[in-house]
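Reader: I am in my first year and still learning how to read a model like this one. Could you take me slowly through one part of it, the surroundings of the ligand, and then through whatever connects to that part?

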Amino acid sequence: MEAVDPLDISILRDLRDLRVIVIGAGMAGILSVIRLREIGLSDVTVYEKADRLGGTWRENRYPGVACDVPSHLYSYSFAPNPEWTHRFSPGPEIQQYLEAVAAEHDVERDVVYGEEVTDLRWDGARWQLRTASGLTDEADVVIAATGVLHHPSYPAIDGLGDFAGVTMHTARWDEGLSLAGLRVGIIGTGSSAVQTVPTIVDEVASLSLFQRTAQWVMPADNPAYTEDEKAAFRNDPGLLRSLHDEISELFSNGFSNAVVDADSEGMKLIEAACLANLVDSVADPDLRDRLRPDYRAGCKRLVISPNFYEGIQRPNAELVTEAIEGIEPGGVRTADGRLHGLDVLVLATGFRVDRFLRPIDVTGVDGLSLDEAWSQRPSAYLSISTPGFPNLFMLNGPNGPVGNFSLIEVAEVQFGYIAQLLDLLRDGRAGSVCVTSAATAEFEDERTIQAGNTVWATGCNSWYLDDRGVPMAWPWNFQEYRNRLAAPDLEHYLLAD
Ligand code: N01
C-alpha cells in the first residue's frame, strides 16, 4: 500500500459515501447504526445470524439474569431511560430497552436477520463478505459488533454427554422447562450461577451447586425505583443525566482506579466489603469456610449479588466442594464416590473469551488470516484494530475494559474514535486506514507490563487471563481509556490511497 501524507490537503476529494457493514445486532450493532446515520453514513447493512436483535440479552435467558452494572449507567447516553424498574434491572427488561431504542431509531430497516457471516476478505480496496447461506456483499468498512461473552464454554468433564436428564448451558436456557419439583445441579460459581441459585432455589426440589473455586461476593442492594422517582426522571432529563454521570464517575474514578492498582485503598475497601458480606451473611462456620476464597477479592471478575448467600443457605440447597469426577446418566459423581442424583444439569461454565469475531474466516492484506495474526493470542491496538486488516474496526475487541463496567459506555467511546477514522476515508485523506504493526507491538508491550499491577494478576485463575497468565483486560483506569481514545494518533496508522 502506498503511504499518503495525512496533512497534505491537496489530495482532498469530494466526501465519499462509504458503505458500511456491521456484524451483529446486539447492543454495539444497534449503537453503530444510530451513530453512523448521525455522522451522515446511511449506506449501512447489519448482518445478524439470529432472528432477533439484542445479542447477549437475547441469548441469556436464565432465571435471575440481570446486569450487575446499574441500569442508569448501562444505557445509551442518547437514550436515558426513566422507566428502569430497579437499580440493577433484569435481563428481559434490558432486552426490551434495546428493542425500544432500536424501534425509535428504526434500526431494523438496515438489519438482515438469519444471515451468519462466515467469510470476510479484503480485496485491496473493499471487504468482500459471504454468509452461511451463500449471500455475498461488499463494503468499504466493516464494524465487528460481535460481542465478547458469546460462545458458551462447555466443561471437559468425563461423561457429560451421558447424562439422562436435561443438560443446558446458562446461555442456552430452555425457557419452556419448568424446574418445579426437580433436582437441579449447577456447575460453576461465576456471575451466571450466582444469579441463578437464589432465583430457582425455592422452586426446585433440591439444588446442588458444584463449586470448583469459591467466589468473593460483593453485596449490593437492588431497590426498585418508586413511581415518584420515575416520574421525577421523566419530568427532568437533567436529573437523569446527573444520575448517569454520578454513577459513571463512581465506576470510572472509583472502581476502575481500584482494580488496576492492587495496592490501592479502593481495593482494600472492596475486599473488606466482600469479607464482611461473607461473615455477616453465612451463619454456619463450615459453610462459611468453604465459601471463603483463597485469593484476593476482585482477582476474578467481581461477582455482585444481594441474595446469593441467602439462596445457598436454603434447606434444600447444598454447596458441593468435592471435585467432580464424572457425569453419569443419573447425575454427577464426585471424588468422594457420591452420586448426586439430578434431573437437570446446568452448566454455568462461562464463555470462550478468545473468539471475538471468529469463527468468521477473516482474510486481510496479502492473504493474512485473522487466525494467523492471532495465532499466539487475540490482540488489538486500543482494542479496536489489528495490523493487516484495513477498514475493519471492532467494538469491544481484545484487551478493552471488560471488567465490571458498562460495555455500552465502552462501545460509545470506541465508536467516537472509529468515527474519526471514518472521516479520513470520507474526506479522501485515505482510501483505507490500518493500524501499524509497530504501534500495536508498542501498545501491547506497555499494556502487558501495566497488567502486572492489576488485582487480576494477584494469583487466581480467571477468564481475564490469557495463555501466559497475563490479564487481557484494559489495565489502566477508564479515564485513561477515554483519554487515549479521544483522538486517533495518525502516526500509528497507515493511510493508503
Ligand atoms: O462464567 P465464569 P459466568 N469443572 O467464567 C466453573 C458476565 N456476566 O457465565 O472458577 C468445574 O465467570 C468455573 O470454575 P473456576 C460477566 O462478565 C455478567 O458466570 O474456573 N467448574 C467458574 O466458577 C462474567 O464474569 C453478568 O474454578 C468449572 C464457572 O464455571 C462472565 O459473564 C451476569 C469447570 C464459570 O464462571 C462470565 O460469567 C452473568 C469445570 N470443568 C455473566 N469449567 C452481569 O450481571 C468451568 N467451571 C453483567
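Reader: To begin with, how do the residues of the shell around the ligand divide into nonpolar, polar and charged?

Author: Please keep in mind throughout that this is a predicted model. The shell around the ligand is made up of ten nonpolar, nine polar and four charged residues. There are 23 residues around the ligand, and those that come nearest are Ala66, Thr189, Ser192, Thr213 and Lys300. If you ask where in the chain the shell comes from, helix α4, which spans residues 191-200, supplies the largest share with three residues, while domain 1 (9-151 + 352-496) and domain 2 (160-221 + 260-347) each give at least three residues to the shell.

Now look at individual polar contacts. A polar backbone atom of aspartate 68 is 2.9 Å from an oxygen atom of the ligand, whereas arginine 301 places a polar side-chain atom 2.9 Å from a ligand oxygen. Tryptophan 463 also takes part through its side chain, where an N or O atom is 2.9 Å from an oxygen atom of the ligand. As for how much of the ligand is covered, the protein hides 85% of the 910 Å² of accessible area that the ligand has on its own.

From the ligand we can turn to the cysteines. The structure holds one disulfide, and this bond joins cysteine 299 to cysteine 460, with an S to S distance of 2.2 Å. The link of cysteine 299 and cysteine 460 is left-handed, with -100° about the S-S bond. Cysteine 299 lies in the loop between α8 (285-291) and β13 (303-304), and cysteine 460 in the loop between α12 (437-451) and α13 (478-484), so the disulfide ties together parts that are 161 residues apart in sequence. Both partners count as buried, since buried means under 20% relative accessible area: cysteine 299 has 0%, and cysteine 460 has 15%.

Cysteine 67 makes a useful contrast, because its sulfur is 18 Å from the closest cysteine sulfur, that of cysteine 274, which is too far for a bond. Cysteine 67 is nevertheless buried, at a relative accessible area of 8%, and cysteine 434 is buried too, at 4%.

Another buried residue to examine is histidine 169, whose relative accessible area is 2% and which belongs to strand β9 (residues 166-169). Its side chain reaches two backbone atoms, namely the nitrogen of alanine 171 at 3.0 Å and the oxygen of glycine 350 at 2.9 Å.

Finally, a few places in the backbone deserve a careful look. Most residues other than glycine have a negative phi, and most peptide bonds are trans. Against that background, the peptide bond from arginine 358 to proline 359 is cis, with omega near 15°, and proline 359 sits in the loop between β19 (351-352) and β20 (361-363). Aspartate 106 has a positive phi, near 50°, and is placed in the loop between α3 (91-104) and β3 (111-113), where it counts as partly exposed at 38% relative accessibility. Asparagine 399 likewise has a positive phi, of about 65°, and lies in the loop between β21 (392-394) and α11 (407-426), but asparagine 399 counts as buried, at 5% relative accessibility.

Technical notes: Residues are numbered from 1 along each chain as its sequence is written. This is a predicted model: local features need pLDDT of at least 70, side-chain atom pairs count only at pLDDT 80 or more; totals for chains, interfaces and linings use all residues. Side-chain values use heavy atoms; hydrogens and water are left out. A residue is near a molecule or strand if one of its heavy atoms lies within 4 Å of it. A polar contact is a pair of N or O atoms within 3.5 Å; within protein, one must be able to donate a hydrogen and the other to accept it, and residues adjacent in sequence count only if both atoms are side-chain atoms. Accessible areas come from the Shrake-Rupley method with a 1.4 Å probe; for residues, only the protein chains shown count as cover. Helices (H or I, at least four residues) and strands (E, at least two) are DSSP runs, numbered from the N terminus. Ala, Val, Leu, Ile, Met, Phe, Trp, Tyr, Cys and Pro count as nonpolar, Asp, Glu, Lys and Arg as charged, and the others, Gly among them, as polar. Domain bounds come from an automatic or database domain assignment. A disulfide is a pair of cysteine sulfur atoms within 2.5 Å. Buried means under 20% relative accessible area, exposed over 50%, partly exposed in between (1.4 Å probe, protein chains only).
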